[in-house]
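Subject: Structure for you to look at

Hello,

Here is the structure I promised to pass on. Please open it next to this email, and then read the notes below.

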Amino acid sequence: MGVKSIVVVVLVVILGALALDSFYVVNEWERALVLQFGKVQREDVQPNLHMKIPIAEEVKRFDGRILTLDSPAQRYFTIEKKPLIVDSFVKWRISDDVQKYYESTSGDELRANNALSDRVNEGLRNQIGRRTMHEVISGERDQLMQELTESLNTVMITEFGVNVIDVRVKRIDLPEEVSSAVFQRMNSEREIEAKQYRAEGSEVAQGIRADAERESIVIEAEAYREAEQIRGDGDALATSIYASAYGQDEEFYDFYRSLNAYQSVFDPSSGSLWVIDPSSEFFKYLTEKK
């Protein structure tokens with residue numbers, strides 16, 4: 001191959017490279033701008049196939065999707081000078097001012113994240129510093145996030161061409177040294193409350209027990225009175241029956257009572273020992289001959 005052929009091949013390769021370098025594609029999820037000798041020539045190039053001047057122009061592409069900055073937990077103080085450990089994250093993306101983003105960060109996403117993190121910390125410090133612990137944790141938490149998002153978005157768009165979509169708090173904790181004291185105080189409060197409930201329960205139980213004992217005594221007394229009345233009525237009836245029977249046949253009545261007495265006295269199962277004179281009145285129906 002001669003020199004002329006080599007020159008032709010080289011020229012073809014160079015022209016091909018220049019032709020390829022003349023075209024570029026911007027994807028749907030990208031933001032791009034074109035630099036001409038380091039100076040911004042065209043900003044916010046729309047997604048499509050485009051042409052540029054080879055060598056003289058350079059294309060810078062950036063991720064145009066919503067990105068997440070997960071900041072490390074930081075310590076902040078409320079208006080009461082109480083410390084809180086706040087763990088937050090930020091949703092952001094490049095604004096329509098792509099040139100501002102490039103000029104302020106050189107297109108470096110890490111630099112944009114660092115700048116955003118610093119301002120998030122400053123914003124949280126200011127917002128939390130003028131609120132109480134209750135307001136930060138529950139009372140005005142949504143309002144705090146809304147105000148922080150709006151103010152941060154204004155600053156970041158103006159200075160960095162970054163649109164802050166949302167700022168959220170993942171978790172709010174007390175420092176470890178404060179948590180122990182708070183837990184101990186909560187434990188003491190719960191113990192006091194538990195003792196109060198136990199005392200009230202014991203008082204109610206004693207009242208119920210006293211009422212039950214009083215009612216039991218009343219019921220027993222009424223039952224005893226009724227039993228005695230029934231027993232008295234029975235004794236009176238029995239006496240009346242005995243008197244009536246005795247009046248009808250005194251001799252038979254005496255005989256019947258003696259038989260019952262014999263049965264009780266001479267019952268082998270009683271195990272009793274009796275020493276009685278056989279000629280006594282008790283044995284008259286056993287010894288008397290008719």
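**The chain as a whole**

Of the 290 residues in the chain, 25% are buried. Please keep in mind that this is a predicted model. The secondary structure comes to eight helices and nine strands. About 20,100 Å² of the chain is exposed, and 55% of that comes from carbon and sulfur atoms. Among contacts with a separation of 6 or more, 61% join residues that are 24 or more positions apart.

**Helix packing around α2**

Start with α2, residues 98-105, and α3, residues 109-129. Their axes are 9 Å apart, and the helices pack at an angle of about 90 degrees. An angle of 65 to 115 degrees counts as roughly perpendicular, so α2 and α3 are roughly perpendicular to each other. On the α2 side, the residues that meet α3 are Y101, S104 and T105. Their partners in α3 are E109, R111 and A112.

Now look at α2 against α5. These axes come within 7 Å and cross at roughly 80 degrees. That makes this pair roughly perpendicular too. Here K100, Y101, S104 and T105 of α2 meet I157, T158, E159 and F160 of α5. Y101, S104 and T105 therefore turn up in both sets of contacts, with α3 and with α5.

Helix α5 spans residues 141-160, and T149 is found in it. Is T149 buried or exposed? T149 is buried, because its relative accessibility is 11% and the cut-off for buried is under 20%. Leaving out residues up to four places away in sequence, T149 touches V164, I165, D166 and V167.

**Salt bridges**

The structure holds 14 salt bridges. Side chains of opposite charge can pair when their charged atoms come close. Three pairs are worth a look.

- R42 and E57: their side chains meet at 3.6 Å, N to O. R42 lies in strand β3 (residues 39-45) and E57 in strand β5 (residues 57-63), so the pair ties together parts that are 15 residues apart in sequence. R42 is partly exposed, at 31% relative accessible area. E57 is buried, at 7%.
- E147 and R130: the closest N and O atoms are 3.5 Å apart. E147 lies in helix α5, while R130 is in the loop between α3 and α4 (133-139), so this bridge ties together parts that are 17 residues apart in sequence. E147 is partly exposed at 27% relative accessibility. R130 is also partly exposed, at 48%.
- R171 and D173: the closest N and O atoms are 2.9 Å apart. R171 is partly exposed, with a relative accessible area of 48%. D173 is partly exposed as well, at 31%.

There is also a network. D70, D87 and K170 are joined into one by salt bridges that share partners.

**A nonpolar patch on the surface**

Which residues form the nonpolar patch on the surface? They are F23, V25, L49 and M51. Together they have about 410 Å² of accessible area. Two strands, β1 (23-26) and β4 (48-51), each supply at least two residues of the patch. F23 lies in β1. F23 is partly exposed, with a relative accessible area of 44%.

**Two residues with positive phi**

K81 is not a glycine, yet its phi is positive, at about 65 degrees. Where is K81 placed? K81 sits in the loop between β7 (74-77) and β8 (83-94). K81 is exposed, because its relative accessibility is 65% and exposed means over 50%.

S106 is another case. Its phi is near 60 degrees, a positive value in a residue other than glycine. S106 is found in the loop between α2 and α3. At 46% relative accessibility, S106 counts as partly exposed.

Best wishes

Definitions and conventions:
Residues numbered from 1 in each chain as written. Predicted model: local features only at pLDDT ≥ 70, side-chain atom pairs only at ≥ 80, totals over all residues. Heavy atoms only, no water. Patch = residues over 30% accessible without salt bridge, like charges linked within 9 Å, V, L, I, M, F, W, Y side chains within 5 Å. Areas by Shrake-Rupley, 256 points an atom, 1.4 Å probe, with all protein chains shown as cover. Salt bridge = Lys/Arg side-chain N within 4 Å of Asp/Glu carboxyl O. Helix = DSSP H or I, 4+ residues; strand = E, 2+ residues; numbered from the N terminus. Buried < 20%, exposed > 50% of the residue type's maximum accessible area, 1.4 Å probe, protein only. Contact = heavy atoms within 4.5 Å. Axes fitted to C-alpha atoms, helices over the stretch in contact; angles between N-to-C directions. Parallel < 35°, antiparallel > 145°, perpendicular 65-115°, else oblique.
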